[in-house]
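Visitor: I would like to learn how to read this structure feature by feature. Could you walk me through it?

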Amino acid sequence: MKLSKIALMMATLAASSSVWSHGYIELPESRAYKCKLGTNSECGRAQWEPQSVEQISGFPDNARPLDGQLASGSVAGFEPLDRQGANIWAANTIKSGPQSFTWFFTAKHKTNNWRYYITKPDWDMNKPLTRASFEEKAFCTIDGHGELPKDREVHNCVVPERTGYHVIYGVWEIADTVNSFYQVIDVNFEDDGVVSEWRKQLQGSITGKDLTVGDKVIARFFNADGEVLSMKTELAIDNEALTDKNRWSQALASKINASQKEIRAGVKDKEGNVNPIVGTNPVFARQGSTMKSVVISYEEETPGISEDIRISGLSSSKIKDGKAQLTFNAEVKGKLSIEARVYDHNQMQKGYVKEMLEDASQPLTISLNDVSEGHHMLKVIASNEAGQTIQPEIENFNLEAESNGGGGDYNYVFPNDLSKYTAGTTVLQPKNGKVYQCKPFPYSGYCIQWNSGSTNYEPGVGTNWQDAWILKK
């Protein structure tokens, strides 16, 4: 039997942040972000694109996102996020009171505000999320002042009193489009209102994916010094019933509880006891324990995909009469059918190519139609003959019109009469006598515009100037 080891599912092993579009809540980990980490499964597009839950601004006063589709934002491909129940999704343990929320941005937008809503004390946790599930008023609102955020924004809020399982709904309202980004956070309030010796919840949980007979699932436990090998617990998937992820989770949690003294896996009852359930099982330790996290790994009878693909060398022509070309290099190991699509910032498809490559490194060209200046994305899906797929990280790039050229040379003027500079423009900074060149900025194709009240992108001077400029001489 040929075994292949599947990558560990840990928050610390998150994938690269070269992505589709624009932002997600990183801490406490949102439902969509836990999908990217592998802590949640069967997530649809959220597995690759937790940052893409983008919809017309409307919560809570307008129709969009639709009730019952709040977690997915009513966005196609994210519908699995709308499944709702007490033990479906891995939750974060938090306390009522002061709590920080961290957004991570993969492409920035000028921002109106960020808002946070929480489910009502008497909400029905097993029904789809609707506006009626949440308090009407946000418990925390952060003003964006119409400015671009940093790569990460940390918001300090005060979470209302709650016990047990609840959902927090995060909304990032954009200033330069009509859209918002929506993120659901599943939370358990510490101790669940119950006095229990098992007070400390470990990072991670006993959850994963459906398996096949002959596979093995392994729970591995870590403290501050690394893995505690004596606590490793394995479960053989030796019958059809255990192939279901919810049932093997219960069986593995039961085995952990029977063999380990320092931890318990399951859900707390009213007496504070921890009992395994059919579904996601969190793991608890006693207060003061040095245990930190649990990680799920697999040994699978079915080998993983052996083929591979790497994308590099994106190069785009200037736009002329609404048309342009994108060229990139596809380096393929094995035999793969490659489908590549280009989308604009609004996720409208602008070009497509399909090629079969085998053990080759080859440039591919996509003809683009009806395009305009600004942010575009290349999305590649590669399939082998068995139907298994690989999806490389999405590549972001900017298109420019032919008339823009590469930008000319300008005398630097600040702040009077300053407008946005085209990528490639060079300027002389009279404050230090040095020359700087404008970078293509995400989705705009221009250097950031600044004014007398916002100077952080001033070349060579502002705190964030390197985000927008290159020192030439």
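Guide: Gladly; let us begin with a proline. Pro65 sits in the loop that links β3 to β4 (92-94). Please keep in mind that the model is predicted.

Visitor: What kind of peptide bond joins Arg64 and Pro65?

Guide: For a peptide bond, omega is the angle to look at. Between Arg64 and Pro65 omega is about -10 degrees, and the bond is cis. A cis bond also leads from Leu27 to Pro28, with omega near -15 degrees. Pro28 belongs to the loop between β2 and α1.

Visitor: And phi? Which value does Ser74 have?

Guide: Here the sign is worth a look, along with the residue type. Ser74 is not a glycine, yet its phi is positive, near 60 degrees. Like Pro65, which is in the loop between β3 and β4, Ser74 is placed in the loop between β3 and β4. Asp321 is another non-glycine residue with positive phi, at about 55 degrees; its loop runs between β20 and β21.

Visitor: Are Ser74 and Asp321 buried or exposed?

Guide: Relative accessible area decides this: buried means under 20%, exposed over 50%. Ser74 has 16%, so it is buried. Asp321 has 70% and therefore counts as exposed.

Visitor: Why does Asn40 count as buried?

Guide: The same reading applies. Asn40 counts as buried because its relative accessibility is 5%. Asn40 is in the loop between α1 (31-37) and β3 (54-56).

Visitor: Which residues does Asn40 touch?

Guide: To read surroundings, set sequence neighbours aside. Not counting residues up to four places away, Asn40 touches Arg31, Lys34, Cys35, Trp89 and Ala90. Two of these also appear in polar pairs: the Asn40 side chain reaches the backbone oxygen of Arg31 at 3.2 Å, and a polar atom of that side chain lies 3.0 Å from the backbone nitrogen of Ala90.

Visitor: How should I read a sheet? What is the order of the open sheet of 3 strands?

Guide: Start with strand order and direction. The order is β2-β5-β8, and the pairing is antiparallel. β2 (23-27) and β8 (152-159) are the edge strands; each has a single partner, so one side of each lacks a neighbour in the sheet. On average, neighbouring strands are turned by 35 degrees against each other, direction ignored.

Visitor: How many bridges join β2 to β5?

Guide: There are 4 bridges between β2 and β5 (residues 97-105). For a residue pair to find on screen, look at Ile25, which stands opposite Trp103 in β5.

Visitor: Now the interior. Which elements give two or more residues to the largest nonpolar core?

Guide: It helps to begin with the core's members, then trace their elements. The largest nonpolar core has 24 residues, and among those with the most contacts inside it are Ile309, Phe328, Ile338 and Leu368. The elements giving two or more residues are β20 (308-316), β21 (324-344), β22 (349-368), β23 (374-383) and β25 (395-399). β21 gives the most, with 9 residues.

Visitor: What is Leu368 in contact with?

Guide: Leaving aside neighbours within four places in sequence, the contacts of Leu368 include Ala324, Leu326, Val342, Gly351 and Leu399.

Visitor: Finally, how do I read the whole chain? How many helices and strands are there?

Guide: The chain comes to 2 helices and 29 strands. Of its 473 residues, 50% are buried. Among contacts with a separation of 6 or more, 68% are between residues 24 or more positions apart. About 21700 Å² is exposed, with carbon and sulfur atoms supplying 47% of it.

Key:
Residues numbered from 1 in each chain as written. Predicted model: local features only at pLDDT ≥ 70, side-chain atom pairs only at ≥ 80, totals over all residues. Heavy atoms only, no water. Core = buried A, V, L, I, M, F, W, Y, C linked by side-chain atoms within 4.5 Å. Buried < 20%, exposed > 50% of the residue type's maximum accessible area, 1.4 Å probe, protein only. Contact = heavy atoms within 4.5 Å. Polar contact = N/O pair within 3.5 Å; in protein donor to acceptor, adjacent residues only side chain to side chain. Pairing = 2+ DSSP bridges. Axes fitted to C-alpha atoms, helices over the stretch in contact; angles between N-to-C directions. Areas by Shrake-Rupley, 256 points an atom, 1.4 Å probe, with all protein chains shown as cover.
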